[in-house]
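Hi,

Here is the structure I promised to pass on to you. Have a look at it first, then read my notes underneath.

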Amino acid sequence: MQVSSRLATTGLIVLVFAFSGSVLLVVDVTTSRAGGIAAGVATFLVCVGLWGVLPRLVRRAGLREEPIGGREEPEPAVGEAAPQGTVRTPAPRRGGASRREASLRRR
């Protein structure tokens with residue numbers, strides 16, 4: 001999964017450069033060199049913002065959210081069973097610290 005994530009990231013980086021370069025070329029041919037450079041740089045910045053910065057901001061905001069309901073039930077003490085009729089499910093992974101910890105353990 002980590003390899004496919006890195007390959008997808010590399011593909012997006014190449015796509016950003018190709019997209020920005022083609023915008024630069026088209027605007028350069030149709031208008032002027034200065035306009036082409038400005039359009040290419042603007043395209044590059046928009047792509048980096050939408051594909052690089054925005055997902056990180058959304059993830060960071062998601063990690064700060066409170067759980068729905070406002071409070072969590074206390075965990076049973078070690079060796080103590082959960083109340084009968086209760087099914088304990090693991091908390092969903094939200095990225096952030098849990099992935100970082102797993103990454104550090106692999107190193």
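Helix 2 is the biggest giver to the nonpolar patch, supplying 5 residues. Keep in mind that this is a predicted model, so nothing here comes from an experiment on the molecule itself. The patch sits on the surface and is made of Leu12, Leu15, Val46, Leu50, Trp51, Leu54 and Val58, which together have about 640 Å² of accessible area. Two elements give two or more residues to the patch: helix 1, running 2–30, and helix 2, running 33–64.

If you want one patch residue to click on, try Val46, which lies in helix 2. Is Val46 buried, partly exposed or exposed? Its relative accessibility is 48%, and exposed would need over 50%, so Val46 counts as partly exposed.

Next, zoom out to the whole chain. There are 3 helices and 0 strands, so to speak an α-α-α pattern when you read along the sequence. The chain has 107 residues, and 13% of them count as buried.

Now for how the helices sit together. Helix 1 and helix 2 pack at an angle of about 155°, and their axes are 7 Å apart. Angles over 145 degrees count as roughly antiparallel, so that is the label for helix 1 against helix 2. The crossing of helix 1 past helix 2 is right-handed.

You can also look at Gly35, which is found in helix 2. Its C-alpha atom is 8.1 Å from that of Leu24, and the two residues are 11 apart along the chain. With a relative accessibility of 25%, Gly35 counts as partly exposed.

Then there are the charges. How many salt bridges does the structure hold? The count is 1. Side chains with opposite charges can pair when their charged atoms come close. Here the partners are Asp28 and Arg33, whose side chains meet at 3.4 Å, N to O. That falls within the 4 Å cut-off, so the pair counts as a salt bridge.

The two partners get different labels for accessibility. Asp28 has a relative accessibility of 19%, which is under 20%, so Asp28 counts as buried. Arg33 has a relative accessible area of 58%, which is over 50%, so Arg33 is exposed.

Happy browsing!

Notes:
Residues numbered from 1 in each chain as written. Predicted model: local features only at pLDDT ≥ 70, side-chain atom pairs only at ≥ 80, totals over all residues. Heavy atoms only, no water. Patch = residues over 30% accessible without salt bridge, like charges linked within 9 Å, V, L, I, M, F, W, Y side chains within 5 Å. Areas by Shrake-Rupley, 256 points an atom, 1.4 Å probe, with all protein chains shown as cover. Helix = DSSP H or I, 4+ residues; strand = E, 2+ residues; numbered from the N terminus. Buried < 20%, exposed > 50% of the residue type's maximum accessible area, 1.4 Å probe, protein only. Axes fitted to C-alpha atoms, helices over the stretch in contact; angles between N-to-C directions. Parallel < 35°, antiparallel > 145°, perpendicular 65-115°, else oblique. Left-handed = near helix turned anticlockwise from the far one by under 90°.
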